[in-house]
Amino acid sequence: MRERRRFESELALLEVDGREYEKKQPLPKLTVGTTWVNKFNHCNQTRLTHSDDVVRGFGNAMRRRGHRWVFDSNNTSARRADWIDPAFGGRDDNVTKGIDSVDFGYFSTHGATRTDVDATGKIRTYFFDVSFNFPKECDWVSTSARFGNKQLKWLVMDACESMPLKKHVNTKVLPDPDPSKVWSRSFHGLHIIFGFAQNASDAWWSDYRGLTFGERAGSGKKLVDSWVDAAYSYWLDDYPVAMAAGRTVQDAETRANDERISSNFPSIANKDIAAFRTVWRD
Amino acid sequence: MLRLTFTKALPTQVPAQLTVYRFQRPRVDRNKLLQLAQKVWPREARTAPKFYEEGNWIVADWGMVNAAMNSRSGSIRLRHERSYLSSRPSWNISDARAVEIARAFVTKTKILGNVETNLKLGKVTHLRGQTFTRGEGNPEFILDAGVLFTREVDSIPVVGQGGQLMVNLDSTEAIVGGSRIWRDIAGAAGKTKIKPPDYAVAELQKRLKQRELQGNVRVMKADFCYFEAGTNDWQEYLEPSYAFVFETSSGKYPYKSAEVISAAEKPKQLWPQRKRFST
C-alpha cells in the first residue's frame, strides 16, 4: 500500500510538473564563487557592514551541501577585471577567481542602475554599476559582462537596484527601467539572475538571506521561489526579483517557474534568447 | 555632518514601564509539523514524509509538499511545490477576500495556537510575473497573494524580521505556502522602565556616526515596539525597543540599513549579536 502511495505521489509530480526537465535528477556538484566588499576607502563610498555575512552565508550553505566553494574575493582581493569578459579586456574566465569560471556566483557590494544618454538627452541604454575598492578600478558596469559564455549559470547581484522595477525606483532618474533592459546584453549562457527591485538592506536583521537562499538552492529547491522567499523583507522593504532567459516565451516561463540546480536546462547563446521572464514579490 | 530627517517620527509619549516577556525555548516537534501539513494539504501529506536537516531547519518532505521548523527560532515554513507559477492565471481575488481566506487558514490550522486574535494585517503582498520579448514588457500578472500578519503584545506593535505570519494562496484560493516567525511566549520576566524617545534618537545618531555616515540620512520607519528577530536568530526575551529603518546616498550609491535600540532601562538581550561569519 505504501509503495502504491509513493507511486501516486511521484505520478502527481509528473502530471503537474511533467516537463522533460522536471524529471528528478541527482543533485550535481556545483562550483561556487563569491565576491563581497565592505570597505571603500580607496573609492570613497559609504562603508557597508554585512556584505561579508550575506555572501559567506551563501558560500557556507553551498559547501555544506557538497558544492565546491572555489573563491571568496573580498575588500582587497576583489578586482573588477574578474567580472569583465575577455572581449572587453577582462579575465572573468580566470579559474582562480573569475566569475565566469564557476557555476553559481554571489556578489554583494554597492550598486545602482544608471542610464547612458545621447546628445539630445534620450536614454540609449540602462546598465548596472557596482563599486569595488581598488584604486582607479572602482566602477564595474554590466555592459562589460558576458556571463555564461564560459561557465556561469546563476548569479545573485545582492546590491541596491540590481533589478530595477519602475514602481520602486525614482522615475526622475530612471524613467522606465526594467531588469531586461539592464541585463539582456549580459546573458551569454547565464540562466537566471537574482537581485532587488530597489534598495537592498545592509543590516544584521536580514544578513542571513544568503545563507537561507544557499540552503534551499543548494539542496535542489526551485531557484526563483527560493530567492524570493529568502530575500523578501516586509519591515525593511526589500523586494527580491529574479529573471530567467528563454528561447521562447514558454521556455523563459518554464525556467523561471521550475528551474533547480538539477534541472539540466541547456545554456542559451545571447543571439538565441527571445524572451525574459521576471518574478518578484512586493 | 550628519543630518537626520524623519519620514515617520517616533511617538512623543511612551509608557513609563512595560512587561518584559520570556520566550519558550524552541523545540522542533515533528508531530506538530505532520499535523500541520496534514491539515493544510490532506491529500499530499497523507503518507509518511522523509525528514532531513536543511541548516537550522528540520524538513518533513512529501515530495509535492514540505513543512519545516527552525531549531533556533521555532519558525515554521510550509511549501507546495506545485508549479502554480506556470500558467498566467487571471487574478480575481480582492485583498479583502485574500485576508478572509488567510484568517480562516490560521483558525483552521491553529498555526499560532489560540492567539490569532492578536493578528494585525500588515500587508497583502503579491508574487508577480512579467514577460519581456524584444525589449518590450508584456502586462504584469499576479501569481499569488501573500497575506502578511503582524503581531501586537500589550497593544504595542512587534517589529523586526520576526513577529509575522504570511499565508500564500494562488488564483484558485488554494493555500500554496506559509511562514510563521512568531515565537511563543512562556510568560512575564518582570517589568522594565522605558527610556524616552529622545534617548533613542540620540543613540541612533551616535551609531550612525560610528558607521561613518555623512550628509542627509532619511529615517523611513521609526517605531516604539517590542522587537522580535528573524528566523535564524536565537532570542530569549521580548523587550521594549526602538526600531529604525533608514536610507542615505552620501556616496554615488544608495544605502539602506536598520538599527534597533533597547528601550529597556536594563535590557536582558542586546542587539546586534556577534557577526554570523567572521571576516
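Okay, A:Cys160. In this predicted model, the cysteine sulfur closest to the sulfur of A:Cys160 is the one in A:Cys43, and that's 17 Å away, so there's no bond to be had there. A:Cys160 isn't out in the open either: its relative accessibility is 5%, so it counts as buried. Over on the other chain, B:Cys225 comes in at 1%, so that one goes down as buried as well.

So how many disulfides are there over all chains? Just one, from a search of the whole structure. It joins A:Cys43 to A:Cys138, with the sulfurs 2.0 Å apart. The torsion about that S-S bond is about -90°, which makes the disulfide left-handed. What does the pair tie together? A:Cys43 sits in the loop between strand 1 and helix 2 of chain A, while A:Cys138 is in the loop between strand 5 and strand 6 of chain A, so the bond links parts that are 95 residues apart in sequence. And both A:Cys43 and A:Cys138 are buried.

Next, the empty space inside. The idea is simple: you roll a probe the size of a water molecule over the atoms, and that shows where empty space is left. Here the count is two cavities of 30 Å³ or more.

The largest one has a volume of about 610 Å³. Its lining has 39 residues, and the closest to the centre are A:Asp229, A:Ala230, A:Tyr232, B:Arg79 and B:Ser179, so if you've got the structure up, click on those. Which elements give two or more residues to that lining? From chain A, it's helix 4, helix 5 and strand 10; from chain B, it's strand 6, strand 9, strand 12 and strand 13. Helix 5 of chain A gives the largest share, six residues. By class, you're looking at 17 nonpolar, 12 polar and 10 charged residues in the lining.

Helix 4 of chain A deserves a quick stop. Nine of its nine residues are buried. That run includes A:Arg209, A:Glu215 and A:Arg216, along with A:Leu211 and A:Phe213.

A:Arg209 turns up again in the second largest cavity, which holds about 140 Å³ of space. There, A:Arg209 is among the residues nearest the centre, together with A:Thr109, A:Ala200, A:Ser201 and A:Asp202. The lining has 21 residues, and by class they are eight nonpolar, eight polar and five charged. Helix 2 of chain A and strand 17 of chain B each supply at least two of them.

Last thing: strand 7 of chain B. Is it enclosed or open? Of its 14 residues, 10 are buried, so the rest of the structure largely encloses it. Now look at what it pairs with. Across the chains, strand 10 of chain A runs antiparallel to it over seven bridges, and there you'll find A:Val279 standing opposite B:Gly129. Within chain B, strand 7 pairs with strand 9, again antiparallel, over nine bridges; B:Thr125 has B:Gly146 as its bridge partner. Strand 10 of chain A and strand 9 of chain B, remember, both give residues to the lining of the largest cavity.

Then there's strand 8 of chain B, antiparallel to strand 7 over two bridges, where B:Phe132 is partnered by B:Gly137. Those two strands make a hairpin with two residues between them, and in the turn B:Arg134 has a positive phi of about 50°.

Terms used
Residues are numbered from 1 along each chain as its sequence is written. Chains are lettered from A and ligands numbered from 1 in the order in which they are written. This is a predicted model: local features need pLDDT of at least 70, side-chain atom pairs count only at pLDDT 80 or more; totals for chains, interfaces and linings use all residues. Side-chain values use heavy atoms; hydrogens and water are left out. On a 1 Å grid over the protein atoms alone, a cavity is a set of points where a 1.4 Å probe fits but cannot get out, and a pocket is an open set with protein on both sides within 12 Å along at least five of seven lines; lining residues have an atom within 4 Å of a point. Grid points are joined across faces, edges and corners, and a volume is the space filled by probe spheres set on the points. Helices (H or I, at least four residues) and strands (E, at least two) are DSSP runs, numbered from the N terminus. Ala, Val, Leu, Ile, Met, Phe, Trp, Tyr, Cys and Pro count as nonpolar, Asp, Glu, Lys and Arg as charged, and the others, Gly among them, as polar. Buried means under 20% relative accessible area, exposed over 50%, partly exposed in between (1.4 Å probe, protein chains only). Two strands pair if DSSP finds at least two bridges between them. A disulfide is a pair of cysteine sulfur atoms within 2.5 Å.
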